[in-house]
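Here are a few exercises to work through with the structure open beside you. Try each task before you read the solution under it.

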Amino acid sequence: GLRRQKVSVGAALAFWIANPVLNPATLVFMGFVLGWGFSALRLVAGIVLVLGVSLVAQRVAGPEQLPEAAVDAVVEASTVNDQPFLSRWGKTLWQLFWSTIPIYVLAVLVLGAARVWLFSHIDGAMGDSLWWLVPLAIAGTLFVIPTAAEIPIVQTMMTLGLGTGPAVALLMTLPSISLPSLLMLRKDFDARVLVTVAVLTMLVGIVCGLIGAVLL
């Protein structure tokens, strides 16, 4: 909706990523469950993630680039439509359904199968190993979860032997974006922008994991 109203790439991305990462209720919940050190690191790193990703993606996109969806929205808004409101609403809802739900369901099924394999390999040997820090940062960027679900997920994984570093990486990447969200926004952001967002989110997760392993 923001992109179709010609909001800049950086501003739209900041709104998108900040909502789950900097959610105040989630930060408080995290403090009570995992400790306030985790919440403080998530807050600081979340601000860096939101601002950094938004600024870099804005440069990658270019100031004059508009997504195809935004152009279509302008053309549609300038065209007089005499159809009843319910007909226009139903048509828009149907288009939204077919452009998002099938992709979401397929991506969730694929990621769910991968999650079964990943979680079955969690044990005390993982610890703070860099070999697990990187794959978990990548997995956290791709997997889709409900709001604040990263907290009980990480709590359970730490109980099973997950180290602090990989846990912090998951706390940063799991709520930020996901493969389904990237696919659903493919018409509103350039592919280079979405790839940039995914890569930078992974990198921030890895760096935060390394910092968390030292400080927490």
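**Exercise 1. Find the salt bridges in this predicted model, and work out which parts of the chain they connect.**

Solution. The count to aim for is 3 salt bridges.

Step 1. Start with arginine 4 and aspartate 188, whose side chains meet at 3.7 Å, N to O. Arginine 4 sits in the segment before H1 and aspartate 188 in the loop between H9 and H10, so this pair links distant parts of the chain, 184 residues apart. Arginine 4 counts as partly exposed at 45% relative accessibility, whereas aspartate 188, at 13%, counts as buried.

Step 2. Move on to arginine 42 and glutamate 150, with 3.0 Å from N to O. Arginine 42 belongs to helix H3 and glutamate 150 to helix H7, so the salt bridge ties together parts that are 108 residues apart in sequence. Check the accessibility too: both of these residues are buried.

Step 3. Finish with arginine 192 and aspartate 190, where the closest N and O atoms are 3.1 Å apart. Arginine 192 is partly exposed at 47% relative accessibility, and aspartate 190 is partly exposed at 27%.

**Exercise 2. Classify the 2 aromatic pairs of the structure.**

Solution.

Step 1. Take tryptophan 16 and phenylalanine 189. Their ring centres are 6.3 Å apart and their planes make an angle of 20°, so call this pair stacked. Planes under 30 degrees apart count as stacked.

Step 2. Ask what the pair connects. Tryptophan 16 is in helix H1 (residues 9-21), while phenylalanine 189 is in the loop between helix H9 (179-184) and helix H10 (191-215), so parts that are 173 residues apart in sequence are tied together. Tryptophan 16 and phenylalanine 189 are both buried.

Step 3. Now do phenylalanine 32 and tryptophan 36. Here the centres are 5.2 Å apart and the planes sit at 70°, so the pair is edge-to-face. Phenylalanine 32 counts as exposed, at 65% relative accessibility.

**Exercise 3. Describe the fold and its largest nonpolar core.**

Solution.

Step 1. Count the elements: the protein chain has 10 helices and 0 strands. Of its 216 residues, 41% count as buried.

Step 2. Look inside. The largest nonpolar core has 41 residues, and Leu13, Ile17, Val193 and Val197 have the most contacts within it. The elements giving two or more residues to this core include H1, helix H2 (24-34), helix H6 (130-142) and H10. H3 supplies the largest share, 8 residues.

Step 3. Check a spot where the backbone comes together. Glycine 140 and leucine 174 are 34 residues apart in sequence, yet their C-alpha atoms are 4.2 Å apart in space. Glycine 140 lies in helix H6 and, at 0% relative accessibility, counts as buried.

**Exercise 4. Which residues form a nonpolar patch on the surface?**

Solution.

Step 1. Pick out Leu43, Val44, Ile47, Val48, Leu51 and Leu55, which together have about 560 Å² of accessible area.

Step 2. Zoom in on one member of the patch. Valine 44 is in helix H3 (residues 36-61), and its 54% relative accessibility makes it count as exposed.

**Exercise 5. Track down residues other than glycine with a positive phi.**

Solution.

Step 1. Recall the background: most residues other than glycine have a negative phi.

Step 2. Go to lysine 6, whose phi is positive at about 70° although lysine 6 is not a glycine. You'll find lysine 6 in the segment before H1.

Step 3. Then try alanine 148, which has a positive phi near 70°. Alanine 148 lies in the loop between H6 and H7 and counts as buried at 17% relative accessibility.

**Exercise 6. Which element has the lowest mean pLDDT, and which has the highest?**

Solution.

Step 1. Get the overall picture first. The protein chain averages a pLDDT of 82, and 76% of the residues score at least 70.

Step 2. Compare the elements. Helix H4 (residues 68-78) has the lowest mean pLDDT, 56, and H3 has the highest, 94.

Step 3. Draw the practical conclusion: where pLDDT is low, the predicted coordinates should not be read in detail.

How values were computed:
Residues numbered from 1 in each chain as written. Predicted model: local features only at pLDDT ≥ 70, side-chain atom pairs only at ≥ 80, totals over all residues. Heavy atoms only, no water. Phe/Tyr/Trp six-rings, centres within 6.5 Å; stacked < 30°, edge-to-face > 60°. Helix = DSSP H or I, 4+ residues; strand = E, 2+ residues; numbered from the N terminus. Buried < 20%, exposed > 50% of the residue type's maximum accessible area, 1.4 Å probe, protein only. Patch = residues over 30% accessible without salt bridge, like charges linked within 9 Å, V, L, I, M, F, W, Y side chains within 5 Å. Areas by Shrake-Rupley, 256 points an atom, 1.4 Å probe, with all protein chains shown as cover. Salt bridge = Lys/Arg side-chain N within 4 Å of Asp/Glu carboxyl O. pLDDT = per-residue confidence, 0-100. Core = buried A, V, L, I, M, F, W, Y, C linked by side-chain atoms within 4.5 Å.
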